[in-house]
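Here is a friendly note to read alongside the structure. Keep the viewer open and find each element as it comes up.

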Amino acid sequence: MILHRVWVYIEQQGGRVHPVSWELLGVANDLAKQLKTKIGSANEKVSVECVLLGNNIRTLARDAICFGAERVYLVEHSALEQYMNAPYCKNVTALAKKYAPEVFLIGATNLGRDLAGAVATSLETGLTADCTELVIDEVDRIDHPLLLATRPAFGGNILATIVCRERLPQMASVRPRVFPVPPKSDNAVGEVITEKAVIDFRDRRVELVERIQIDQEGVNLEYADIIVSGGRGLGDASGFKMLKDLADVLGGKVGATRPCVDAGWIAYEHQVGQTGKTVRPKLYIAAGISGALQHKVGTQNADFIIAINKDPHAPIFDMADVGIVGDLYDVIPEMIAQVRQQKESESL
Amino acid sequence: MFHAVVAIKQVPDTTNIRIDPETGNLVRAGVPAILNPYDAHALAAAVEWKRRLGGIVTILSMGPPSFAASIREGIELGADRGILISARQFSGADTLATSYVLAKAIEKIHSEEPVSVIFFGKQAIDGDTAQVGPGVSVRLDVPVITYCSKILLIDCEQNEIVVQRKAENYTEIIRAALPVLLTCEKEVSKIPFASLPDLVRSLRYEPEIWGYEEPLELDRDKVGSKGSPTIVFKTATPAQTEAGELIYCDAVGVANAVKKVLERTEFRSATRVME
């Protein structure tokens, strides 16, 4: 029997799974569905599988199954307690060599990028970073599925579709929030296969001395439901205080464009766009943002966008659901006042 | 002795790229080429530690002859030696092929003068892949520490380095045995002002050109487009989105404009996935 395997790396730290892993299981299942229509004989099967590394994390395998993994390859060892590049890379590489997946998806988080580049090189295969679209090529009959991995290039001005024809696995990294989290099915059935860890004493060359949590939540923009973002139109750093007030009254977070971060008005953690975070809020308010493509790349998945800009021809209005042409220093305070008023009347 | 190798790349300034609205093609003309900003900070860190410890800083780059300008910029910032790997056979390299050639070059540099730390920027701003640094580390079997935001200690006698690195929600302090490969954030070091002797030297500096035949012994199936498993299948310009309704403050007043917008704003039912 021929098994076409679509793999997802489950990113966990301290027993918490990064939700991008579940998002990727959703993508993997979509790819598997496309693949099934292209299978030639009853002798072939498609399987969505994942790899999970760590220590005392067996319970997470169940979650992976509920989010769509048919099979979980689980590696547990005290040396894998904390993520470190070399031991994780060696174990993931060993598993990929053993099972030969055809597609392998990894979240493009800091940890995922650290791992993906090393694993792809160990496997001497191709890796496409930061994909925003993944589909199986429309070819009638194939030996192995050809993954079409599309990513923004040149600051979002071009969408390039990359293929890796002759080597396997075809690896791709995907940023958090580019795809939705699939529904969780509590009675899903799957298999957990325990694998032996590969341990190389030379990896003790690197030692984690200390890990300092910045703050439990971090800025966590990717998963914010409401984001109030500012651009160059703010004029200076102090404008972000006003945006913070609006974000607070709405229960949201503050975002920013790259020029603001480059100018040092606000920390990088707030940057939205191709070189910052990809966001997927229910409401995105863009204040004083012209709407450069590299910004658009990070915000196009927002459900509803309000743009505020002085210039009626600003490109941001082309992607906004509704736009206000006016001075943001008039509009934002008015918005804060009206939302506050609305909240007060609701609480009465 | 402290010997740093800094891998740099020249990139188009992506903040200035425009699309020709008629043809949909990338307008390359007039787009300035710059030293990748993260690489500049990585280089500054290498030079900073050279000033403290003594030693040398070698710059390494792969690309067309025009990349010499960025190497000269590196000499101006305080590097001692610049090597440019350049030949037509290297063109079309993806991250896998690039990491192969860079690793071979670093091996060669190391054989002449042992390398303590290999510096990379965390990513290049044209591709944003962040893949080459970890790839080179695997090929050299040297530990990689990505997203390095601060170097706390380099001790060449004790053969030790301590750095701080950044992840999304935490920072880590990592201790490692030398040699290591770092990929650096901008915070790792400030770009210094060039000293007059470095500036003068950089003006006339010609990098060593390493070609396809020598001095590296390369597996020809592993370089350039031949050694690159990924290829561009097609390109497209992003779809235009439909513009939403515009409300002019001048026409209806600020209060009315805001009121109208808030009324129009719909919140889809909250489905929380992250608890």
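The points below go from one strand of chain A to a pair of helices, then to a single residue, and finally to chain B and its contact with chain A.

1. Please keep in mind from the start that this is a predicted model. Everything below describes that model.

2. Let us begin with strand β6 of chain A, residues 103–107. Is this strand buried or exposed? Five of its five residues are buried, so β6(A) is largely enclosed by the rest of the structure. Try following the side chains along the strand: A:V103, A:L105 and A:G107 point one way, while A:F104 and A:I106 point the other way. Residues pointing in either direction are buried.

3. Which strands pair with β6(A)? One of them is β1(A), residues 2–10, which runs parallel to β6(A) and is joined to it by three bridges. To find a bridge on screen, look for A:V8, whose partner in β6(A) is A:L105. Strand β11(A), residues 170–174, also pairs with β6(A) in the parallel sense, here over five bridges. A good residue pair to pick out is A:V103 with its bridge partner A:Q170 in β11(A).

4. Next come two helices of chain A. Two packed helices are described by the angle between their axes and the distance between the axes. For α3(A), residues 85–99, and α4(A), residues 110–122, the axes come within 9 Å and cross at roughly 50°. An angle of that size makes α3(A) oblique to α4(A), and the crossing is right-handed.

5. Which residues meet where these helices touch? From α3(A) come A:N85, A:Y88, A:C89, A:V92 and A:T93. They meet A:D114, A:L115, A:A118, A:V119 and A:S122 of α4(A). Sorted by class, this contact has six nonpolar, three polar and one charged residues.

6. Now pick out a single residue, A:V249, in helix α5(A), residues 239–250. Why does A:V249 count as partly exposed? The reason is its number of C-beta neighbours inside 10 Å, which is 17, whereas a buried residue needs 20 or more and an exposed one has 12 or fewer. Leaving aside neighbours within four places in sequence, A:V249 is in contact with A:I336, A:V339 and A:R340. It is also worth locating A:K343, which is 94 residues from A:V249 in sequence, with 8.9 Å between their C-alpha atoms.

7. Turning to chain B, you will find seven helices and 15 strands. Its C-alpha atoms fill a box of roughly 70 × 45 × 45 Å along the principal axes. Of its 275 residues, 46% count as buried. Among contacts in chain B with a separation of 6 or more, 71% are between residues 24 or more positions apart.

8. How many residues does each chain bring to the contact between A and B? Chain A gives 73 residues and chain B gives 69 residues. Several elements of chain B each supply at least two residues to its side, including helices α3, α4 and α7 and strands β9 and β14. By class, the chain B side divides into 38 nonpolar, 19 polar and twelve charged residues.

9. Finally, look for strand pairing between the chains. Strand β18(A), residues 322–325, pairs with β15(B) in the parallel sense over four bridges. One bridge to find there is that of A:G323, whose partner in β15(B) is B:L246.

Note on methods
Residues are numbered from 1 along each chain as its sequence is written. Chains are lettered from A and ligands numbered from 1 in the order in which they are written. This is a predicted model: local features need pLDDT of at least 70, side-chain atom pairs count only at pLDDT 80 or more; totals for chains, interfaces and linings use all residues. Two strands pair if DSSP finds at least two bridges between them. Two residues are in contact if their C-beta atoms, placed from the backbone, lie within 7 Å. Ala, Val, Leu, Ile, Met, Phe, Trp, Tyr, Cys and Pro count as nonpolar, Asp, Glu, Lys and Arg as charged, and the others, Gly among them, as polar. Axes are lines fitted to C-alpha atoms, for helices over the stretch in contact, and angles run from 0 to 180 degrees between N-to-C directions. Angles under 35 degrees count as roughly parallel, over 145 as roughly antiparallel, 65 to 115 as roughly perpendicular and the rest as oblique. A crossing is left-handed if the near helix is turned anticlockwise from the far one by less than a right angle, and right-handed if clockwise.
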